[in-house]
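Please work through the following exercises with the coordinates at hand. Each task is followed by a solution in steps.

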Amino acid sequence: MPWFLGLSVLLMVGGLYGGLVLAPADYQQGDAFRIIYVHVPAAYLSLLAYMVMAIASVIGLIWRMKLAHAVAASAAPIGASFTFLALATGSLWGKPMWGTWWQWADPRMLTELILLFLYFGFMTLRSNISERSRADRAGAVLAIVGVVNVVLVHYSVEWWASLHQGQTIANSDATMPASMLTPLLTMILAFSLFFGAVMLQRLRGEVLLREAGARWVRRLADGQVAERGKLT
Amino acid sequence: MMEWLAMGGYGFYVWASFALTFAVLALNLVLARARHQRIMNSLKASHADESAERPGGFREVTS
Amino acid sequence: MKGSPRLLEQAAAPILRPVDTFRTVLGRELTLAYRRPADLLNPLFFFVVVTSLFPVAVSPLPETLTLIGPGVLWIAVLLSALLPLSNHYGQDFDDGTLEQYLLSGQSLVAICVAKTVALWLVAGLPLVLASVVVASSYGLGTNVFGVLSITLAAGSYAICALGAVAAALTVGMQRASALIALLVLPLMVPILIFGTRAVSLEATNMVAKGPIYLVLAVAVLTALLCPLATAAALRISME
């Protein structure tokens, strides 16, 4: 875990330097385009975290694997925070580009917003069930229903936005020069590693909760500083 | 340097985005650590209870 | 010793074919609804009140009403259909019927489908009929009624099917109704988009075939997959 975090921070510093200093300003959007270096990784991770959650839920339901449910439970709050970031930085990007903080006609913003609601639903449902194994499996059913829906939401919102033909942020991925693209990919990788690091941290707690009765957990809880130090 | 900070007039939006992002990332890390600590503490407490003759007394941590 | 196997035989009811289970449960649900007409009237009354508030709050001008009409009708149907959901499995949970269903060994999916169909007949279908009446008061022409009722019929069934999943997940909980709304509403976005679009297109005399098919497709998909999730959710909740 410290390796994940360390590598992630290293990549982030590199990506930031590349994105904020080395990359030239966009010929259309000027320096505002640099928000892409946090916006796109956050949006990417918000979807990835949901996928992780849904796949872990499927595994947890089919093979009754506690570890998988612990993964789903750990991924949700991190995914929600990335979704929030994608929305907030999108809004900060939208203000200078569209002249408004929020553009209803932008399909990606709307998809992210609904994704945030789905995360909230998942976490609220879980926190309303006190019995852990029921919370795990009820959450898993919801995550699976939700993942089918995310696909539908994505396409329906896209279809809907095409009718309202609002201005969307120009999509210049295809023509992006390497000096702009490399920092972006670096940042995406760094965010993914960061997600992995935070996720492992949360996962450890979740596993401890689920194995509260096991002998190794008791020994751990006995309070040997040395042993705890090794794990942290 | 000042020119770089101004970001061609978009300074506020660019820096606000980056500041917010890294604040949320840091918060993620802090919250995850805090939760882990809380779980460890409650496990320890319940274990201490058990040693003091309270069978199966693991208490749930909230949030 | 000799008596015990016979006792078991007597105790265990025969396993019915899923179709028969469906018919039995549907009959039971409809009888119950008939005896408790409030279940039918509450959503309907709510729907009429909500839709009559919009002209007051937004604007009574005919051109505004025809513009917002499709969206208002859809959202009002959506919200009204949420009302009976907390009772959908809650009632059966409280009186122990749900436990009997699970122990009976009958097809749980068939039971779930039957309950969803009953819910739709009791709460969904009246809303569709009422929406036609309200649509005319919003100045939407008679040409819209066909599309409006077809899409709303399919859409309200999807709401019932999705709502059943949420109801099954939250069965026995204190604040079930608020949680159900939070879980169901985001999931309804695709149907809402296609449904309102179909009605708006028809209202402005344009071809609405595309969105109608999309509503039907999403509704069929929802109707087919949701009972499986509902049955799984019930098993989890009752364990």
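The exercises below concern a predicted model.

**Exercise 1. Determine which helix of chain A gives the most residues to the side that touches chain B, and describe that side by residue class.**

Step 1. Establish the extent of the contact: 33 residues of chain A meet 24 residues of chain B.

Step 2. Assign the chain A residues to helices. Helix H2 (36-63), helix H3 (66-98), helix H6 (178-210) and helix H7 (215-221) each supply at least two residues of this side.

Step 3. Identify the leading helix. With 10 residues, H3(A) gives the most.

Step 4. Sort by class. The side of chain A that touches chain B has 19 nonpolar, seven polar and seven charged residues.

Step 5. Turn to the partner. Chain B has two helices and zero strands, and 22% of its 63 residues count as buried.

**Exercise 2. Carry out the corresponding analysis for the side of chain A that touches chain C.**

Step 1. Count the residues: 20 of chain A are in contact with 20 of chain C.

Step 2. Locate the helices. On chain A, helix H4 (107-128) and helix H5 (132-164) each supply at least two residues of this side.

Step 3. Find the largest share. H5(A) gives the most, with 12 residues.

Step 4. Classify the residues. On the side of chain A that touches chain C, 13 are nonpolar, five polar and two charged.

**Exercise 3. Describe the packing of helix H4 (residues 62-82) and helix H11 (residues 189-203) within chain C.**

Step 1. Choose the descriptors. A pair of packed helices is described by the angle between the axes and the distance between them.

Step 2. Give their values. H4(C) and H11(C) pack at an angle of about 145 degrees, and their axes are 9 Å apart.

Step 3. State the handedness: the crossing of H4(C) and H11(C) is right-handed.

Step 4. List the contributors. H4(C) makes the contact through C:Thr66, C:Pro70, C:Gly71, C:Trp74 and C:Leu78, and H11(C) through C:Leu192, C:Gly195, C:Thr196, C:Val199, C:Ser200 and C:Ala203.

Step 5. Classify them. The contact of H4(C) with H11(C) has six nonpolar, five polar and no charged residues.

**Exercise 4. Is C:Asn143 buried or exposed?**

Step 1. Place the residue: C:Asn143 lies in helix H9 (residues 142-169) of chain C.

Step 2. Apply the cut-off. C:Asn143 has 11 other C-beta atoms within 10 Å, and a residue is exposed if this count is 12 or fewer. C:Asn143 is therefore exposed.

Step 3. Relate sequence to space. C:Asn143 and C:Phe93 are 50 residues apart in sequence, and their C-alpha atoms are 44 Å apart.

Note on methods. Residues numbered from 1 in each chain as written. Chains lettered and ligands numbered in written order. Predicted model: local features only at pLDDT ≥ 70, side-chain atom pairs only at ≥ 80, totals over all residues. Helix = DSSP H or I, 4+ residues; strand = E, 2+ residues; numbered from the N terminus. Buried ≥ 20, exposed ≤ 12 C-beta atoms within 10 Å, placed from the backbone. Axes fitted to C-alpha atoms, helices over the stretch in contact; angles between N-to-C directions. Left-handed = near helix turned anticlockwise from the far one by under 90°. Contact = placed C-beta atoms within 7 Å. Nonpolar A, V, L, I, M, F, W, Y, C, P; charged D, E, K, R; others polar.
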